[in-house]
Amino acid sequence: KINRTDVARIQEQYGNLQRDLFTADPEKVILRQLAGANAYLRELAALNAYYISVRKRAIELLEKDSVPVLKQIIAKEQSSEIGQLAQQRIENLKKDPGFFEKIFS
């Protein structure tokens, strides 16, 4: 069962997003939305976003589960800045000990 207040909140968020896309800089709106996006949407943004800044930020936000996507970016754009950033992200993820190791060490 759906709560009416939840529906109203979602409608308001959708309306605000539409307003921002029509009246503000779309690149900034997308960057703001990217922070709260799930892993799938971040992967899509890293692979295909129109704005380079969005692709860069999406790559920075990818986690260990997204290494195959990072490798796909590297294969597709090996010599570009995006490919190099993806390679750096993989290296950083390899060095990261992980949440549980940080807690228990």
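Contact here means heavy atoms within 4.5 Å. Keep in mind that this is a predicted model, where local features need pLDDT of at least 70, side-chain atom pairs count only at pLDDT 80 or more, and totals for chains, interfaces and linings use all residues. Residues are numbered from 1 along each chain as its sequence is written, and side-chain values use heavy atoms, with hydrogens and water left out.

Start by selecting Ile-59. Skipping residues up to four places away in sequence, Ile-59 touches Ala-46, Leu-70, Ile-73, Ile-82, Leu-85, Ala-86 and Arg-89.

Now click on Arg-89, which sits in helix α6 (helices are DSSP runs of H or I, at least four residues, numbered from the N terminus). Arg-89 is buried (under 20% relative accessible area, 1.4 Å probe, protein chains only; exposed is over 50%, partly exposed in between). What is the nearest side chain of opposite charge to Arg-89? It's Glu-63, 4.2 Å away, and Arg-89 has no salt bridge (a side-chain nitrogen of Lys or Arg within 4 Å of a carboxyl oxygen of Asp or Glu). Show the backbone oxygen of Glu-60 too: it lies 3.4 Å from a polar atom of the Arg-89 side chain.

Next, try some salt bridges; the count comes to six. Select Lys-56 and Glu-81, whose side chains meet at 2.7 Å, N to O. This pair links distant parts of the chain, with Lys-56 in helix α4 and Glu-81 in helix α6, 25 residues apart.

Finish with Asp-20 and Arg-32, another salt bridge at 2.9 Å, N to O. Asp-20 is in helix α1 and Arg-32 in helix α2 (residues 26–34). Add Arg-19 to see a network of salt bridges linking Arg-19, Asp-20 and Arg-32.

How values were computed:
Helices (H or I, at least four residues) and strands (E, at least two) are DSSP runs, numbered from the N terminus. Lys and Arg count as positive and Asp and Glu as negative; His and the chain ends are not counted. A polar contact is a pair of N or O atoms within 3.5 Å; within protein, one must be able to donate a hydrogen and the other to accept it, and residues adjacent in sequence count only if both atoms are side-chain atoms.
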